[in-house]
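Visitor: I should like to learn how the features of a protein model are read from its atoms. Could we take them in turn, with the general idea before the case at hand?

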Amino acid sequence: MLAGAAALLGVTAGQAQAAEVSYATHCVPPSGVGLPEIDGTTKVDITAPATAKVGDTVDIVWKFTQAASKNPDIIDLPANSVQPSGTLKAAGAQGADIAMTGPRENPAIPKGGAMVLSDMKGTLKLTAAGQVTLTPNAYVVNALGTNTTCTPSQTVQPAATITVTAGEGSSSASPDPSGSASASQSASPSASTSVSTSASPSTSPSATGDDGQTDFTGKVVDIPYTCDSPLGVKKATSPIQINAKKDGGSYDLTVQFKKSVMDSPIDIPAGKVKPTMQVVLGGSDSGSVAVEGPLNAAAIPQGDPIEIPDLVGTYKPGATGESTLSPGVLTIEAMSTTTTCTPDSTAVSLTLDTEEQASGASGGSGSSSSSTSTSGGLAETGAEDHASLKALGLVAGTAVLLGAAVFTFMPGRRTR
């Protein structure tokens, strides 16, 4: 019995230990989203071996039992859209910064729900005998390509201690560079919302005659937009082309976006992005025509371009003469949020010789839109044809929205 107990004790001495530590945390949301820097409380469990020998490489696990935030009442965070990384401080017999990283794994987090962060893991090579303490330090939460950085705002107590005995390897108390690493905090890809293009016009925007012609190709025009999302304002420039096909006295319109401004930060399921736009009428006619694109038919893998499809609608002229068509307001519905992109200035893409039709566009809204059903989804936030503004709403409505959404803190913890 005594021998068995001794053997048991010998095994237990080397087993992993877990200890929770709680500390005040100061978090800085992504810039440009309009949220203040906020204080919260972080609680973590650090798991590490109780004993080890010099020369061993030990595995360490950082488990969040409470993040310093909850998801605000703005947007649902989809599953597997949040990834934590951070730094664990080793001190005592050996000093080191231990890089900790967790997988992008989380359940869907509803508006107002508690933040759920995956376990972070790291390793430390032991180089000196004695007591080595492990203390949580700063961490970063990456949500859909945007980072929120959280740092301790008080002295944090060690969460675990490893008793290191002499063995193979150095007995020096100085840290081994191989056991030291900075926190892996990959900067979120800055979704630049300014796109320069040199697309040459396929045709002049001058009026096209009706000598039996049925297909009309518009000029590619660069349109600067200001996009207003629930959490901020972004600017972007997109090259846009408006084409028309005559059908009786009306015209079937197709609006094409020639560039994409960002790649998808996560996997986006099918049927989650819905764009619409108003084509502005001028010249002899007035009003606007609503055009819309279909929901994304296929899933968009992480890192692939988010492309906006062709937007289509029907223009029924309300005047006889030369009528101009110009890009107008773009709207993107995604995940129960709306991002509205308004042109800072516009330009004529297509001019048509039109004949007035009964109940046509002149003097009214002129909207001959098909119904714009909107099922929410992730805008997010491409690379080649037909996509500029899709990321616009995505830039303003997703990267910004979701980055900001990561850290809305508990009441009463805000800094003045």
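Guide: Let us start with the nonpolar core. In soluble globular proteins, nonpolar side chains tend to be buried together. This is a predicted model, and its largest nonpolar core has 40 residues.

Visitor: Which residues of the largest nonpolar core touch the most other members?

Guide: They are Ile46, Ile60, Trp62, Leu124, Leu134 and Ile162. The elements that give two or more residues to this core are strand 1, strand 2 (38-49), strand 4 (57-66), strand 5 (82-92), strand 6 (96-101), strand 7 (120-125), strand 8 and strand 10 (160-165). Strand 8 supplies the largest share of this core, five residues.

Visitor: What does Leu134 touch, not counting residues up to four places away in sequence?

Guide: With those neighbours set aside, Leu134 touches Ile46, Ala48, Ile60, Leu88, Lys89, Ala90, Ile98, Leu124, Pro158, Ala159, Ala160 and Ile162. Apart from this core there is a second, separate core of 28 residues, which includes Tyr225, Ala244, Phe257 and Leu281.

Visitor: How is the pairing of strands read, and how many bridges join strand 2 to strand 4?

Guide: Strands count as paired if at least two bridges are found between them. Strand 2 and strand 4 run antiparallel and are joined by five bridges; within this pairing, Ile46 has Trp62 in strand 4 as its bridge partner. Strand 4 is also joined to strand 7 by six bridges, and these two run antiparallel.

Visitor: Which residues of strand 7 are the bridge partners of Trp62 and Asp59?

Guide: The partner of Trp62 in strand 7 is Met120, and that of Asp59 is Thr123. Strand 7 also illustrates how the faces of a strand are read, since its side chains alternate. Met120, Gly122 and Leu124 point to one face and are buried, whereas Lys121, Thr123 and Lys125 point to the other and are not.

Visitor: Is Thr135 buried or exposed?

Guide: The criterion is a cut-off: a residue is buried under 20% relative accessible area. Thr135, in strand 8 (residues 130-143), has 14% relative accessibility and therefore counts as buried. Beyond its neighbours within four places in sequence, Thr135 is in contact with Thr87, Leu88, Lys89, Val156, Gln157, Pro158 and Ala159.

Visitor: Where does Val156 lie, and what is it in contact with beyond its neighbours within four places in sequence?

Guide: Val156 is placed in the loop between strand 9 and strand 10. Its relative accessible area is 13%, so Val156 is buried. Outside those sequence neighbours, Val156 is in contact with Val21, Tyr23, Thr135 and Pro136. The C-alpha atoms of Val156 and Ala24 are separated by 8.4 Å, although the two residues are 132 residues apart along the chain.

Visitor: How is a disulfide recognised, and which residues form one here?

Guide: The test is the distance between cysteine sulfur atoms, which must be within 2.5 Å. Cys27 and Cys150 form a disulfide, with their sulfur atoms 2.0 Å apart. The pair links distant parts of the chain, for Cys27 is in strand 1 (residues 16-28) and Cys150 in strand 9 (residues 146-152), 123 residues apart. The count comes to one disulfide, and both Cys27 and Cys150 are buried.

Visitor: Why is the disulfide of Cys27 and Cys150 called right-handed?

Guide: The torsion about the S-S bond of Cys27 and Cys150 is about 115°, so the disulfide is right-handed.

Visitor: How many aromatic pairs are there?

Guide: Ring pairs are judged by the distance between centres and the angle between planes. There are five aromatic pairs. Tyr251 and Tyr315 form a stacked one, 6.1 Å centre to centre with 25° between the planes. Tyr251 lies in strand 14 and Tyr315 in strand 17 (residues 311-315), so this pair ties together parts 64 residues apart in sequence. Tyr251 and Tyr315 are both buried. Elsewhere, ring pairs link Trp62, Phe64 and Tyr139 into a cluster.

Visitor: What are the totals for the protein as a whole?

Guide: The protein has two helices and 20 strands. Of its 416 residues, 48% count as buried. The accessible surface comes to about 17300 Å², of which 51% belongs to carbon and sulfur atoms.

Definitions and conventions
Residues are numbered from 1 along each chain as its sequence is written. This is a predicted model: local features need pLDDT of at least 70, side-chain atom pairs count only at pLDDT 80 or more; totals for chains, interfaces and linings use all residues. Side-chain values use heavy atoms; hydrogens and water are left out. Helices (H or I, at least four residues) and strands (E, at least two) are DSSP runs, numbered from the N terminus. Buried means under 20% relative accessible area, exposed over 50%, partly exposed in between (1.4 Å probe, protein chains only). Contact means heavy atoms within 4.5 Å. A nonpolar core is a set of buried Ala, Val, Leu, Ile, Met, Phe, Trp, Tyr and Cys residues joined through side-chain atoms within 4.5 Å. Accessible areas come from the Shrake-Rupley method with a 1.4 Å probe; for residues, only the protein chains shown count as cover. Rings of Phe, Tyr and Trp (its six-membered ring) pair if their centres lie within 6.5 Å; planes under 30 degrees apart count as stacked, over 60 as edge-to-face and the rest as tilted.
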